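Me: I should like to go through the terms used for a structure and see what each rests on. Please show the structure.

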Amino acid sequence: MTELLAAIRSFIDERALPLESAFLSLPYSEVEPRLNELREEVKRRGLWAPHLPAELGGRGLTLTEFAHVSALLGETPIGHYLFNAQPPDIGNCELLHSHGSVEQKAVWLEPLARGEIRSCFAMTEPEFAGSNPVWMAATARRDGDDYVIDGHKWFTSSADGAAFTIVMAVTRPDAKPHERASQIIVPMDAPGLTLVRNIPVMGDTGSGHASHGELRFEGVRAPVANRIGAEGAGFALAQERLGPGRVHHCMRWLGICERAFRLMCQHAVRRELSPGHPLGEQQAVQHWIAESRAEIDAARLLVLDTAQQIEARGAHAARDRISLIKFHVAGVLQRVLDRAVQVHGALGMTDYTPLAFWYRHERGARIYDGPDEVHKSAVARRILKGFGLKRS
Ligand SMILES: Cc1cc2nc3c(=O)[nH]c(=O)nc-3n(C[C@H](O)[C@H](O)[C@H](O)COP(=O)(O)OP(=O)(O)OC[C@H]3O[C@@H](n4cnc5c(N)ncnc54)[C@H](O)[C@@H]3O)c2cc1C
């Protein structure tokens with residue numbers, strides 16, 4: 001593991017970081033060929049998709065082992081993509097690997113694992129609160145051997161250029177709320193499926209993998225064989241995906257924190273307020289640095305411990321810890337990024353460092369995969385239940 005981490009560290013420092021400023025300043029389509037060259041190099045070095053099992057071309061790392069890798073990759077906005085470990089493909093790979101049929105694996109999972117195609121996951125709808133994942137309007141109606149899908153989705157990350165989406169749609173409207181929806185694979189070029197637009201996120205619309213799409217499904221036909229798992233199992237599968245997925249996100253965020261911390265310290269030492277007096281002499285800056293170090297280190301231990309608990313007891317048993325890390329680390333990320341931007345002054349607002357990119361795009365960390373408030377209430381309710389609270 002030490003050797004693997006060292007090899008990834010040197011690839012990130014020597015090969016990925018030099019491409020970062022192009023990624024931050026040019027349209028995605030212009031940078032994509034260079035990103036893809038580097039992806040081939042990652043493969044040649046035997047570092048490809050370390051989270052995937054060996055039969056899919058990966059290194060078969062455990063969740064805890066991959067957590068360490070994810071923190072390294074998170075230090076640059078292009079890290080996870082270069083190693084084919086980027087969301088949402090990583091979650092879709094895990095889902096298909098655990099629950100895909102033989103045919104789904106051959107047609108969709110294997111090319112995804114090889115990095116030949118990309119994918120997306122369409123669950124959230126603009127008209128319905130995403131915080132209530134069992135409430136949605138999208139339907140998939142049986143017609144012979146097909147489903148006919150109608151629905152409106154948004155914030156479908158990386159839909160632009162994806163080969164397929166996994167859509168969540170109601171297939172059993174009369175079942176209990178948690179058993180109504182199914183997950184169905186739909187090729188992005190299916191008639192009736194439209195990528196309406198990429199959604200502007202804090203002024204940045206993005207494109208390709210670095211974008212969030214709005215999708216319309218109008219009478220889209222998909223074979224019943226494209227359903228993943230049992231009819232009505234969509235919600236349960238989504239929950240299963242989110243357990244390890246939150247560890248991945250949290251470690252990626254800690255990678256961002258580490259880089260922001262390093263940039264903050266470097267700038268504090270380099271930037272002089274007057275000749276011979278660097279910013280780092282200021283007590284306010286010193287406190288931000290110390291607070292950030294403490295918060296990052298504590299968060300890392302919490303996340304690694306959660307990964308171990310998931311491995312030892314399963315995601316359901318570890319669900320409180322998963323909720324704790326989700327909101328706690330998102331808060332650490334926001335605070336560390338904010339301090340780093342502040343220390344950089346006007347430079348922090350530019351795209352000459354990755355800070356502003358992360359500031360824009362990772363504000364969503366407190367919203368996606370369950371807003372902070374939902375996780376806090378879920379944990380607190382279970383804690384209070386132990387103290388006798390009946391319901392809330
Ligand atoms: C960058 C980004 C990427 C995303 N990628 C995807 C994707 O790939 N696929 C996909 O399907 N979706 C994706 N989403 C959507 C995401 O899953 C939803 O935004 C999320 O589930 C919240 O739903 P909502 O936006 O409808 O907010 P709402 O549910 O409308 O909630 C609004 C706010 O209300 C508050 N709130 C909600 N519930 C409670 C509660 N129980 N108690 C107290 N306060 C509450 C919270 O502050 C919350 O932020 C993405 C979102 C972002 C920002």
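Reply: The exchange below sets values against definitions.

This is a predicted model, in which local features need pLDDT of at least 70, side-chain atom pairs count only at pLDDT 80 or more, and totals for chains, interfaces and linings use all residues. Residues are numbered from 1 along each chain as its sequence is written.

Me: Why is Arg221 called partly exposed?

Reply: A residue is buried if 20 or more other C-beta atoms, placed from the backbone, lie within 10 Å of its own, exposed if 12 or fewer, and partly exposed in between. Arg221 has 17 C-beta neighbours inside 10 Å and therefore counts as partly exposed. Over the chain, 42% of the 392 residues count as buried.

Me: Where is Arg221 placed, and what is it in contact with beyond its neighbours within four places in sequence?

Reply: Arg221 belongs to strand S7 (residues 212–223); strands (E, at least two residues) and helices (H or I, at least four) are DSSP runs, numbered from the N terminus. Leaving aside neighbours within four places in sequence, Arg221 is in contact with Asp146 and Val148, where contact requires C-beta atoms, placed from the backbone, within 7 Å.

Me: What agrees with a compact globule in the radius of gyration of the chain?

Reply: The radius is taken over C-alpha atoms, and the globule rule is 2.2 Å times the number of residues to the power 0.38. For 392 residues the rule gives a value near 21 Å, and the chain has 21 Å, so the two agree.

Me: What makes up the side of domain 1 that touches domain 3?

Reply: The bounds, from an automatic or database domain assignment, are 2–100 for domain 1 and 235–385 for domain 3. In this pair, 21 residues of domain 1 are in contact with 23 residues of domain 3. Helices H1 (2–25), H3 (63–73) and H5 (89–99) each supply at least two residues of that side of domain 1, and H3 gives the most, with seven.

Me: How is the crossing of H3 and H7 described?

Reply: The axes of H3 and helix H7 (residues 234–270) come within 7 Å and cross at roughly 35°. Axes are lines fitted to C-alpha atoms, for helices over the stretch in contact, with angles from 0 to 180 degrees between N-to-C directions. The crossing is right-handed: the near helix is turned clockwise from the far one by less than a right angle, whereas anticlockwise would be left-handed. Among the residues making the contact are Leu63 and Ala67 of H3 and Pro244 and Val247 of H7.

Note on methods:
Contact = placed C-beta atoms within 7 Å.
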